[in-house]
Amino acid sequence: MPKIYNMPEISKKRVITAGLIGGIIFSIVVTLFDHFFGKEFSWTRPVFYFIFGFVMYSFLTYRNFKKHNKRHE
């Protein structure tokens, strides 16, 4: 008897939420490391870290959903 999986579709809302949370956490952690290593604070660094983290975590979440959906088809 074949197994039936109820895998969710790739939800844009979940991908964006994961990207936002990941970007915020990434930018906070890297900014704290910069502070501990004595780098001077500049607003452009956390903004860049947030954008970079958002893009990377969104891409990785999208790819993960796509891989799980393909595996369970």
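Select Phe26, Phe48, Tyr49 and Phe52 together, and you have one aromatic cluster, where rings of Phe, Tyr and Trp (its six-membered ring) are taken to pair if their centres lie within 6.5 Å. The model is predicted, with local features needing pLDDT of at least 70 and side-chain atom pairs counting only at pLDDT 80 or more, while totals for chains, interfaces and linings use all residues. Residues are numbered from 1 along each chain as its sequence is written, and side-chain values use heavy atoms, with hydrogens and water left out.

Keep phenylalanine 26 and tyrosine 49 on screen; they belong to a set of seven aromatic pairs in the structure. Their ring centres are 6.4 Å apart and their planes stand at 85°, so this pair is edge-to-face, the term for planes over 60 degrees apart, whereas under 30 counts as stacked and the rest as tilted. Phenylalanine 26 sits in helix α1 (residues 12-36) and tyrosine 49 in helix α2, so the pair ties together parts that are 23 residues apart in sequence; helices here are DSSP runs (H or I, at least four residues) and strands are runs of E of at least two, numbered from the N terminus.

Add phenylalanine 48 next, which makes a tilted aromatic pair with tyrosine 49, at 6.2 Å centre to centre and 55° between the planes. Colour these residues by relative accessible area, for which buried means under 20%, exposed over 50% and partly exposed in between (1.4 Å probe, protein chains only). Tyrosine 49 counts as buried at 14%, phenylalanine 26 is partly exposed at 25%, and phenylalanine 48 counts as exposed at 52%.

Now turn to the surface and select Val47, Phe48, Ile51, Phe52, Val55 and Met56, a nonpolar patch with about 550 Å² of accessible area together. Areas come from the Shrake-Rupley method with a 1.4 Å probe, and for residues only the protein chains shown count as cover. Such a patch joins nonpolar side chains (Val, Leu, Ile, Met, Phe, Trp, Tyr) within 5 Å, while like charges are joined within 9 Å, from residues with over 30% relative accessible area and no salt bridge, that is, no side-chain nitrogen of Lys or Arg within 4 Å of a carboxyl oxygen of Asp or Glu. Methionine 56 lies in helix α2 (residues 44-71) and is partly exposed, with a relative accessible area of 34%.

Finally, select Pro46, Tyr49, Gly53, Ser58, Thr61, Phe65 and Asn69, the buried residues of α2, which pack against α1. Zooming out, the protein comes to two helices and zero strands, and 21% of its 73 residues count as buried.

Technical notes
Contact = heavy atoms within 4.5 Å.
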